[in-house]
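Hi everyone, thanks for making time for this. I'd like to walk you through a structure, so let's get it up on the screen.

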Number of protein chains: 2
Amino acid sequence: MTDFLAQRDSWSTANCSIARTLDVVGNRTTLLLLREASFGTRRFDDFARRVGVSEPVAAARLKQLVADGLLDRRPYREPGQRTRDEYVLTAKGRDLLPVLAALREWGDTYAVEEPSVRLAHHDCGAAVHVALRCAAGHDVPADQVELLPGPGLLPS
Amino acid sequence: MTDFLAQRDSWSTANCSIARTLDVVGNRTTLLLLREASFGTRRFDDFARRVGVSEPVAAARLKQLVADGLLDRRPYREPGQRTRDEYVLTAKGRDLLPVLAALREWGDTYAVEEPSVRLAHHDCGAAVHVALRCAAGHDVPADQVELLPGPGLLPS
DNA sequence: CGGCTGACTTAGGAAAACAAAAGCCAGCTA
DNA sequence: TAGCTGGCTTTTGTTTTCCTAAGTCAGCCG
């Protein structure tokens, strides 16, 4: 096969999956809100305070996350309280957890001394890591990942 | 064990690994430059054109990536040409590939019809995916990931 | 030795993101 | 029915990020 990477200019990244994903979660605040959602945070002011952003920013980003289908906004009611809205991860939002896990793992290695949160396998208690693996079940080190043209490749 | 997530306000995310990582790669352009680097792009104007940013932005981001140790800038010389500088991923930069792979995989599922690039295992040709797995070797589905306090946890 | 090309830097300005402060509204609670 | 609280929205102003356009500089090439 011809090495399509060597002709990088012959194909465009107009519909690159990474770029499209970054259209949705390409800003810091959005990813930190998802981090909080993964911690179980549900209420508006908890999101704003824990992420450390102002209310207008939290409101705008949460609204966008709901519009993009990553969070579900739904009413709930604690006994003796009025109805409130909570934000919870959808399946689409939960599928971003590997991104958060990968960011966390890099930060644990290169950006902090001691991690403040660990991921463990609920069943066996062992530490959880992000791994690349192939459909045949092999662990794939980074230098054994080959990039190949996919069906959606566009000429540039 | 007490559920530390239930007391989310009792600990801070001041040294959160995710936040620290986003300090480095928390913007779209930076991640797209790393994508290009993973495609093998090395030259300044190729980065700028392929990522679709202006030269000043490319220069600033590449400089920051070099300062942060994700890219190495080094002189090279093609025969008959003058000396130029190229940017190549360092080990620290390569360790962000799981982040890119996770972003790509989410985009393949939710944001594009057909992926334009596939990842394959060089040895066996099978498709490569990002997976969560525990130290005991189990595949860990997202709902079996448990969050536990780590040694670097700070009171808020 | 003067032009060209690659790799930037500088200057100027528009757009987006963000913060602080204040206002609004619904629905308990007194 | 008059607060009070949670969940926002509005306003105003600053900072950051990005753009275009133009300028700089080094060194090979004729």
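Let's start in chain B, where helix α3 (residues 44-51) packs against helix α4 (residues 55-67) at an angle of about 115°, with the axes 9 Å apart. Quick vocabulary: helices here are DSSP runs of H or I, at least four residues, strands are runs of E, at least two, and both are numbered from the N terminus. The axes are lines fitted to C-alpha atoms, for helices over the stretch in contact, and angles run from 0 to 180 degrees between N-to-C directions.

α3(B) and α4(B) are therefore roughly perpendicular to each other. On that scale, under 35 degrees is roughly parallel, over 145 is roughly antiparallel, 65 to 115 is roughly perpendicular, and the rest is oblique. The crossing of these two, α3(B) and α4(B), is right-handed. Right-handed says the near helix is turned clockwise from the far one by less than a right angle, and left-handed says anticlockwise.

Who makes the contact? From α3(B) come B:Phe44, B:Phe47 and B:Ala48, and from α4(B) come B:Glu55, B:Ala58, B:Ala59 and B:Leu62. Contact means heavy atoms within 4.5 Å. By class, that α3(B)–α4(B) contact has six nonpolar residues, no polar ones and one charged. For the classes, Ala, Val, Leu, Ile, Met, Phe, Trp, Tyr, Cys and Pro are nonpolar, Asp, Glu, Lys and Arg are charged, and the others, Gly among them, are polar.

A word on what we're looking at: this is a predicted model, so local features need pLDDT of at least 70 and side-chain atom pairs count only at pLDDT 80 or more, while totals for chains, interfaces and linings use all residues. Residues are numbered from 1 along each chain as its sequence is written, chains are lettered from A and ligands numbered from 1 in the order written, and side-chain values use heavy atoms, leaving out hydrogens and water.

Over in chain A, the axes of α3(A) and α4(A) come within 9 Å and cross at roughly 115°. That crossing of α3(A) and α4(A) is right-handed.

Back in chain B, helix α2 (residues 28-39) and helix α6 (residues 97-110) have axes that come within 11 Å and cross at roughly 105°. That makes α2(B) roughly perpendicular to α6(B). Their contact divides into six nonpolar, one polar and two charged residues.

Now the DNA. How many residues surround DNA strand D? There are 23, and the closest are A:Glu55, A:Lys63, A:Arg73, A:Tyr87 and B:Arg61. Near means that one of a residue's heavy atoms lies within 4 Å. Of the strand D atoms that come within 4 Å of the protein, sugar and phosphate account for 69%.

Two side chains to find: an N or O atom of A:Asp45 is 3.1 Å from a phosphate oxygen of strand D, and one of B:Ser54 is 3.0 Å from a phosphate oxygen of strand D. The largest share of this surface, four residues, comes from α4(A). By class, the surface near strand D has seven nonpolar, five polar and eleven charged residues.

Technical notes
Polar contact = N/O pair within 3.5 Å; in protein donor to acceptor, adjacent residues only side chain to side chain.
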